[in-house]
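Work through the exercises below with the sequence and the structure at hand. Each task is followed by a solution in steps.

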Amino acid sequence: MRIRMLNSKYEIETLKEDEEVVHLSFRPSNTDIMQIITRCKSLKALQLPSSYRKTLSDVAIKFLEMEDVELLEGDLKSTDISMYMEVDSEE
């Protein structure tokens with residue numbers, strides 16, 4: 001599975017329409033969540049570190065549910081500057 005990593009909200013504008021899984025390494029606002037969903041028509045999941053997930057608003061969570069986007073908790077640490085990370089999917 002290919003995960004697009006975003007390190008700041010300023011990278012949202014670089015997202016492609018076909019991104020399916022996006023990891024946020026920053027605390028997103030409701031506006032950030034809406035921009036990501038609007039840009040990524042194929043979005044299936046949004047991943048946040050658990051500390052950021054706990055502060056996500058109920059409105060943002062409901063919006064993700066309405067758009068059928070799964071909210072995942074987890075940390076990704078990149079040792080290089082790549083904007084994508086490949087992870088093995090457990091199926």
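Contact here means heavy atoms within 4.5 Å. The model is a predicted one.

**Exercise 1. List which elements the protein has and the order in which they run from the N terminus.**

Step 1. Count by type: the protein has three helices and five strands.

Step 2. Read along the chain: from the N terminus, the order is β-β-α-β-α-α-β-β.

Step 3. Add the overall figures. The protein has 91 residues, and 37% of them count as buried. About 6000 Å² is exposed, with 47% of that area supplied by carbon and sulfur atoms. Of the contacts between residues at least 6 apart in sequence, 55% join residues at least 24 apart.

**Exercise 2. Find which residues of helix H1 are buried, how they are arranged around the axis, and what covers them.**

Step 1. Helix H1 spans residues 30–39, and its buried residues are Asp-32, Ile-33, Ile-36 and Ile-37.

Step 2. Look down the axis of H1: the buried residues fall within an arc of 130°, so they line one face of the helix.

Step 3. Recall the general rule: an α-helix has 3.6 residues a turn, so residues three or four places apart point the same way.

Step 4. Identify the cover. The buried residues of H1 are covered by elements including strands E1 (2–6), E2 (21–24) and E3 (45–48), along with helix H3 (58–66).

**Exercise 3. Describe how strand E2 is covered and how E2 pairs with E1 and E3.**

Step 1. Check both faces of E2. Val-21 and His-23 are buried on one side, and Val-22 and Leu-24 are buried on the other.

Step 2. Take the pairing with E1: the two strands run parallel and are joined by three bridges. Arg-4 stands opposite Val-22 of E2.

Step 3. Take the pairing with E3: E2 and E3 are also parallel, over three bridges. Here Val-22 has Leu-46 in E3 as its bridge partner.

Step 4. Follow the connection. From E2 the chain passes through H1 to E3, a β-α-β crossover that is right-handed.

**Exercise 4. Place Leu-72: which strand holds it, is it buried or partly exposed, and which residues does it touch?**

Step 1. Leu-72 belongs to strand E4, residues 70–73.

Step 2. Buried requires under 20% relative accessible area. Leu-72 has 26% relative accessibility and therefore counts as partly exposed.

Step 3. Leaving out residues up to four places away in sequence, Leu-72 touches Ala-45, Leu-46, Gln-47 and Leu-48.

Step 4. Compare sequence and space for one of these: Gln-47 is 25 residues from Leu-72 in sequence, yet their C-alpha atoms are 4.4 Å apart.

Definitions and conventions
Residues numbered from 1 in each chain as written. Predicted model: local features only at pLDDT ≥ 70, side-chain atom pairs only at ≥ 80, totals over all residues. Heavy atoms only, no water. Helix = DSSP H or I, 4+ residues; strand = E, 2+ residues; numbered from the N terminus. Buried < 20%, exposed > 50% of the residue type's maximum accessible area, 1.4 Å probe, protein only. Areas by Shrake-Rupley, 256 points an atom, 1.4 Å probe, with all protein chains shown as cover. Arc of directions from axis to C-beta. Pairing = 2+ DSSP bridges. Right-handed = clockwise from strand over helix to strand, strands pointing away.
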